[in-house]
Amino acid sequence: MAKNRKNQAAEIRFGPVLKVVLLCSLICSAAIGYVWQKSQIERLGHQILDREKRLQSLKNDNKGLADQIAFLHSPVMLDTQARKLNLGLAPAQPFQVVRMVDLPFTPEPDGPRQYAERPMAGGTP
Amino acid sequence: MNNKEQFHRALLLLGCLAVAFAGLGYRLVDWQVLRHDELSARAERNTQREFREAPRRGDILDINGNILATTIPVKTVCADPVILSNQTAVVAQLIAPLLQLNPAAIAQRLLPRLSLATNSNGQIVTNQSHYVRLARNVPEPTWQQINAAMTNFTLEVGGRKLTRKEAEFQYDIRYHGIYAESDQLRVYPGGALASQVIGFPSVEETNINGHFISKIVGCDGIEMAMQKQLSGVDGWRLTETDKAQNELVALRDEDVFARDGLNVVLTIDSQIQHIVETALAEGFQQHSPKSITGIVVRPRTGEILAMASLPTFDPSQPGSISPETRNRVITDVMEPGSTFKIVVVSGALDRGAVKLADEFDCEHGHFAFAGRTLHDHEAYGLLSVKSIITKSSNIGAAKIAIERLGDQQLYNYAWNYGFGQRTLIPLPGEARGILYPVKDWSKVSIAQIPMGHGVAVTRLQMLFAMAAIANHGWLMQPMIVSRLQEHDGNIVQRYGPQRVRQVISEAASQQMVEALKTVPTKDGTAPDAALKEYLVAGKTGTAQKAEHGAYVPGKYISSFIGFFPADNPEICISVVMDEPRDGGYYGGKVCGPVFHDIAARCASYLNIPPDPSLNTNAVPLMADTLLRK
């Protein structure tokens, strides 16, 4: 009996030890992975929330600026400013308006002119 | 200790364990099976939250995309008096300056109060209220300041360290004592500009679990007429929260975005609207009428470029709204006076019953008919049809109706011009007007109606009748909404011009225009309405007001409706004054100059080419000057 115990103690069996170590590592890594994943989900959730808030805030700012432009463009505002600044602005009278009359198209008698033509004679420019 | 005793002890232990496990098992079955529904519902109530997302109300834009009405996000600042407990005075002192409110008033509102609620058994119970609204329409930056102030809140304990309970109390006050709910505020960048067309909003509140959910609802004008398109569709998010009420994004179940309301693009041009409102205000100041209205339309399409009525209101200030500030262009009916002569004369021309050169005896200003005597404002003898329009002869118009047109035809033309029926403009409160059927006419009706009495019209109906003459006899449907579009500019629906019917032939309309051209001349009734660079066609109207079944001396409705350039009309303008008090009362005298002012400025703004027939076109001169340079 004692002999057998002595013999067993002296013998190192790596197989089972390796199995146990592997099993423990597997369980540990699964647990750590699970926790890591959960914390990632939590972190990403916070990021999503923060960015949603930021997006909303930017949208609101954008809207505010658009409204400000609308206010500055409004005829009432422009009229008030023009009067306040006393710039002498007034609607253009008909005699102050130059009207461009579209003439009917007439083709060039010598064919189309090449406006970007480079001089071919006379050497280098 | 022998084996038997050991066995008994083990058995006892086993029995105890068995009882304990049985107890646990029963508890498990009780929770998981017997009370499953109740407990799972309670668990869901503790963690699941439904957040409603209100859609942004659509904007109202003018034809050029300028914003006339928009919605901005604001906050409703609320408090939980239960959390604030004995610190209400301190908190009130802290936030009152930011909300620009009296600290005592805030402290009063923060006093603990009871609210009625129904428990799960359907019994009414009293609870301490956790919800008090402190201020509405608080801008976002102000809320940020309040939030920052509350985050720095410190519980006064005389310099010693806070106990754990006190620290928790301080934390609750800081982060849950004062909170904000998202809300929306309707703003009008143009102030009172086109306010009667746009309308005004009110806020409708729904109480959901003690919290008030507000919604903007239109009360008049486009805000009301296009409520469905402007309001959009609610969104919601079904999700779970942690103990501190922070959302757990990973556990979101349903997330449906709100669908924002559509932008309504009007045919109104805010620049022309401003021109009209400014000119009307000057006219109002000069003649002190009860009210004054102005409309500008494109006769070819029926697009309304401006519609104004003074007195007006600012939709941002509900206190400025009263029955006097209604949109009289569509809500009020009036006897049109001489502007109605266009109906009888154009009808007679259309039927070939008269020609412009045909002459009628205007009886030197007095014409007895059916027991009544008709008068002209001057004694005229023989007048051609054209001169009847030029001089606005009542007797001449009556004779055309009596001798050439007949009552049924007069009624038919008036009906075909759209009188006695709504124009179907998409604005609330439009009046139908009064046009009695021929069987209800008195003997004198056929003489009265041609001069604009015995019939009641809206200002819009009268303008569109004139616009029909300008548009080769085609009556158009009034257009006030050009299109519906999403916020990114994507067009959802476009509204086009719609012809109603051809009331008179093109030839008749041309003859009518020839006659109307003579009105804004030295010989006509509205010389002040003439423009230097454009030929104007138009008609004046001065109708005595009827009150309590009788005409009231000294009270008139004065009007001028005209269009230009007469031979190629771009715009048609109506100016109507109700009871002008200073500076005369004839339509040509009081409304003509206002028309002139509006027309000249609109022509400049719209860059309408001057009328070549007038020979006052300065373009060649200007071009010559440039060439000489």
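In what order do the elements of chain A run from the N terminus on?

## Chain A

In this predicted model, the elements of chain A follow the order α-α-α when read from the N terminus on. That order fits the count for the chain, which has 3 helices and 0 strands.

Chain A has 125 residues, and buried residues make up 11% of them. The area that chain A exposes comes to about 11600 Å², and carbon and sulfur atoms supply 64% of that area.

## Where chain A and chain B meet

The contact between the two chains draws on 25 residues from chain A and 33 residues from chain B. Between them, chain B and chain A bury about 2300 Å², of which 63% lies on carbon and sulfur atoms.

Charged side chains take part in this contact as well, since the count between chain B and chain A is 3 salt bridges. In one salt bridge the side chain of A:Glu52 meets the side chain of B:Arg237, with a distance of 3.7 Å from N to O. This pair qualifies as a salt bridge because 3.7 Å falls within the 4 Å allowed between a side-chain nitrogen of Lys or Arg and a carboxyl oxygen of Asp or Glu. The count of residue pairs in polar contact between chain B and chain A, with both residues at pLDDT 80 or more, is 3.

## The side of chain B that touches chain A

Which elements of chain B give two or more residues to the side that touches chain A? They are the strands β3 (67–79) and β11 (247–248), together with the helices α11 (270–287), α21 (592–606) and α22 (619–628). The largest share of this side of chain B comes from β3(B), which gives 5 residues. When the residues on this side of chain B are divided by character, 15 are nonpolar, 10 are polar and 8 are charged.

## A residue within chain B: B:Pro81

B:Pro81 is found in helix α3 of chain B, a helix that covers residues 81–84. Is B:Pro81 buried or exposed? The relative accessible area of B:Pro81 is 1%, so this residue is buried, because the word applies to values under 20%.

If the neighbours within four places in sequence are left aside, B:Pro81 is in contact with B:Leu110, B:Leu111 and B:Pro112, and also with B:Ser129, B:His130, B:Tyr131 and B:Val132. B:Glu50, for its part, lies 31 residues from B:Pro81 in sequence, and the two are 24 Å apart in space, taken from C-alpha to C-alpha.

Terms used
Residues are numbered from 1 along each chain as its sequence is written. Chains are lettered from A and ligands numbered from 1 in the order in which they are written. This is a predicted model: local features need pLDDT of at least 70, side-chain atom pairs count only at pLDDT 80 or more; totals for chains, interfaces and linings use all residues. Side-chain values use heavy atoms; hydrogens and water are left out. Contact means heavy atoms within 4.5 Å. Buried area is the accessible area (1.4 Å probe) that two parts lose on being put together, summed over both. A polar contact is a pair of N or O atoms within 3.5 Å; within protein, one must be able to donate a hydrogen and the other to accept it, and residues adjacent in sequence count only if both atoms are side-chain atoms. Helices (H or I, at least four residues) and strands (E, at least two) are DSSP runs, numbered from the N terminus. Ala, Val, Leu, Ile, Met, Phe, Trp, Tyr, Cys and Pro count as nonpolar, Asp, Glu, Lys and Arg as charged, and the others, Gly among them, as polar. Buried means under 20% relative accessible area, exposed over 50%, partly exposed in between (1.4 Å probe, protein chains only). Accessible areas come from the Shrake-Rupley method with a 1.4 Å probe; for residues, only the protein chains shown count as cover.
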